[in-house]
Amino acid sequence: MTSRLICIIAFALLSIGLAGCVKQTPVDVPGEPGEKISRAEPQQPGAPAGPSPRAQASLKLTDQGRRLIEAGKSDNAIQVLEQAISLNPSNGQNYYYLSEAWLTKGFAAEARPFNRLAESHLAGDKKWEKRVTRQAERILRLEEKIKKSR
């Protein structure tokens, strides 16, 4: 009974201690100009603000996947980019490059849904919107080519 009480007290003290590491940060609400809400973000003492470790790892994997595509290693790129998406599903570049990997393998049906996800996640970024549109056009041409060959 005493060890259980000690565990409960230790858990309570740990919870209270960790609660002090969260910083309330105001953020803009899309579609509501000037209105702000607070979002709890973990804050390490003295740590600079920036992408989370998961987002940073995802960005490294995105770059690795892009380089694998350029090297003609689409199968490896697909595996790496799937890992990147699992770490940061809101990064639209992951979907773009995953679509690109499937496109380079000649699989339009697999490339299309990732292109659409890239389109939705990268909306508003003019540079990426153009790239996604050009990719969609290449997917369409590949789909037409596949239909003609049947």
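Two residues count as being in contact when their heavy atoms lie within 4.5 Å. With that in hand, a good place to start is Ser99, which sits in helix α4. Setting aside residues up to four places away in sequence, Ser99 touches Ala111, Phe114, Asn115, Gln135 and Ile139. Ser99 has a relative accessibility of 0%, so it counts as buried. All of this comes from a predicted model.

How far can the prediction be trusted? The mean pLDDT of the chain is 80, and 67% of the residues reach 70 or more. The stretch to be careful with is residues 17-43, where the pLDDT is below 50. That stretch still has 27 contacts in the model beyond near neighbours in sequence. Where pLDDT is low, though, predicted coordinates should not be read in detail.

Next comes helix α3, which runs over residues 74-87. Its 14 residues should span 20 Å at 1.5 Å a residue, and the end C-alpha atoms are indeed 20 Å apart, so expectation and model agree. Quite a few residues of α3 are tucked away: Ser74, Ala77, Ile78, Val80, Leu81, Ala84 and Ile85 are buried. In an α-helix there are 3.6 residues a turn, so residues three or four places apart point the same way. As for what covers the buried residues of α3, the list includes α2 (53-70) and α4 (92-105).

Ala84 gives a close-up of this packing. Its relative accessibility is 0%, which is why Ala84 counts as buried. Beyond neighbours within four places in sequence, Ala84 is in contact with Ser58, Leu61, Thr62 and Asn94. Take Thr62: this residue is 22 places from Ala84 in sequence, yet the two C-alpha atoms are 6.1 Å apart in space.

Then there are the charges. Side chains of opposite charge can pair when their charged atoms come close. A search of the whole structure turns up seven salt bridges. In one of them, the side chains of Asp75 and Lys105 meet at 2.4 Å, N to O. This pair links distant parts of the chain, with Asp75 in helix α3 and Lys105 in helix α4, 30 residues apart. Both ends are partly exposed: Asp75 has a relative accessibility of 46%, and Lys105 has a relative accessible area of 30%.

Another salt bridge joins Arg138 and Glu100, whose closest N and O atoms are 2.8 Å apart. Arg138 belongs to helix α6 (residues 126-149) and Glu100 to helix α4, so this pair ties together parts 38 residues apart in sequence. Arg138 is partly exposed, with a relative accessible area of 29%, whereas Glu100 counts as buried at 12% relative accessibility.

A further salt bridge brings the side chains of Arg112 and Glu143 together at 3.0 Å, N to O. Here the link runs from helix α5 (residues 108-121), home of Arg112, to helix α6, where Glu143 lies, so parts 31 residues apart in sequence are tied together. Arg112 counts as buried at 15% relative accessibility, while Glu143 is partly exposed, with a relative accessible area of 22%. Elsewhere, salt bridges that share partners join Asp63, Arg66, Arg67 and Glu70 into one network.

That leaves the aromatic rings. A pair of aromatic rings is described by the distance of the centres and the angle of the planes. The structure holds four aromatic pairs. In the pair of Tyr96 and Tyr97, the ring centres are 5.2 Å apart and the planes stand at 80°, so the arrangement is edge-to-face. Both of these tyrosines, Tyr96 and Tyr97, are buried. Tyr97 also pairs with Trp128: their centres are 5.9 Å apart and their planes at 85°, so this pair is edge-to-face too. Tyr97 in helix α4 and Trp128 in helix α6 are 31 residues apart, and their pair links distant parts of the chain. Tyr97 has a relative accessible area of 8% and is therefore buried; Trp128 likewise counts as buried, at 5% relative accessibility. Put together, Tyr96, Tyr97 and Trp128 form one aromatic cluster. Trp128 has a charged companion as well, since Arg131 lies over the face of its ring, at 4.3 Å from the ring centre.

Key:
Residues numbered from 1 in each chain as written. Heavy atoms only, no water. Helix = DSSP H or I, 4+ residues; strand = E, 2+ residues; numbered from the N terminus. Buried < 20%, exposed > 50% of the residue type's maximum accessible area, 1.4 Å probe, protein only. pLDDT = per-residue confidence, 0-100. Expected span 1.5 Å × (residues − 1). Salt bridge = Lys/Arg side-chain N within 4 Å of Asp/Glu carboxyl O. Phe/Tyr/Trp six-rings, centres within 6.5 Å; stacked < 30°, edge-to-face > 60°. Lys NZ or Arg CZ within 6 Å of the ring centre and 35° of its normal.
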